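Q: Could you zoom in on one pocket for me and say what lines it? I'd also like to hear about any surface patch that shares a helix with it.

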Amino acid sequence: MTAVRDTRPATAVSPAAPDTAARPTRRIFFLTVLAAASAVFLYPFVWLVTASLKPRDQTFSNPFLPWPVPFRPENYLAVWDAAPMFAWLVNTLVVGVTAALTVTLSSAFVAFGFAYFRFPGRNLLFASVLGTMMLPAAVTLVPTYLIWKSAGLTGTQVPLWAGNLFGSAFYIFLLRQFLLGVPRYVFEAARVDGASYLDLFWRIALPLSRPALIIAFVFELKASWFDLMKPLIYLQDPALYTLPRGLKAVVDQFYQGGDPKWEIVLAASVITTVPLVVIFFLGQRHFLRGIATTGQRG
């Protein structure tokens, strides 16, 4: 008895097809989680805006009410009568932009040196720079104040930004990691063409590291915009106050008078926050691209 031979052509076994039916379900679940997380993070700001539009006796009532009833937009007009908000806004803008520009350029200059030059002890020196990040701000608070006092600059806005002329360890690390991803032959080709080291920094390093520079600028602008400690220490003249220092003065004034006008304080807080939100949305494309590209370098 002979075995029957199967003459049918062998068919390749196809891999298991993906479960396309489950994709919409996963997508809906993912979007639902994102929406819930967004609602959690946005709720404090929504509450701030809503409470700033309520009467004084209802400021903290109905925290989950999406629309204030009764509606009091005149609270924002009262802010400008209660405090020189425009002057404080200008001071905050000047100090914030100056602090962001100085720390971005100075940190980029130091980062270029660590990324381009090869010299003995470079890694040890870079580790020492990073080690300064471990120092709490309270440790250097008094010595820094004594330095500015001996220079006769207390009571001015200079201490709020001049320290950034020496760079920041975090931004130096951030920019160095980005510059390490730039091919070295780009700099060497420029050197062959007669470019100086300053030309390498100004004409090659800075343009190529623009996404990382935007990150450093926005981070420092945010830190300076909401900083209260330095203005509280160095500023005594109300005409030089920044917005956080001015809000602190307004709150103290209301408490001393025994009449806490929380609707005005909350409206002033909204005025303080909105400009930075607008700046983020205007530069969102560059900012997010900078985070992505910096994460790929180094």
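A: Helix α12 (helices are DSSP runs of H or I, at least four residues, numbered from the N terminus) gives the most to the lining of the second largest pocket, namely six residues. This is a predicted model, with local features needing pLDDT of at least 70 and side-chain atom pairs 80 or more, while totals for chains, interfaces and linings use all residues. Residues are numbered from 1 along each chain as its sequence is written, and side-chain values use heavy atoms, without hydrogens or water.

The pocket (an open set of 1 Å grid points where a 1.4 Å probe fits, with protein on both sides within 12 Å along at least five of seven lines) has a volume, the space filled by probe spheres on its points, of about 400 Å³. Its lining (an atom within 4 Å of a point) counts 15 residues, with Lys222, Thr273, Leu276, Val277 and Phe280 nearest the centre. Two or more residues each come from α1 (22-51), α9 and α12 (262-282).

Val277 and Phe280 turn up again in a nonpolar surface patch, together with Phe45, Val274, Val278, Phe281 and Leu282. Patch members have over 30% relative accessible area and no salt bridge (Lys or Arg nitrogen within 4 Å of an Asp or Glu carboxyl oxygen), and nonpolar side chains are joined within 5 Å. Together the seven have about 610 Å² of accessible area (Shrake-Rupley, 1.4 Å probe). Helix α12 supplies six of the patch residues, the largest share. Take Val278, which sits in α12: its relative accessible area is 42%, so Val278 is partly exposed (between 20% and 50%).

Notes. Patch = residues over 30% accessible without salt bridge, like charges linked within 9 Å, V, L, I, M, F, W, Y side chains within 5 Å. Salt bridge = Lys/Arg side-chain N within 4 Å of Asp/Glu carboxyl O. Buried < 20%, exposed > 50% of the residue type's maximum accessible area, 1.4 Å probe, protein only.
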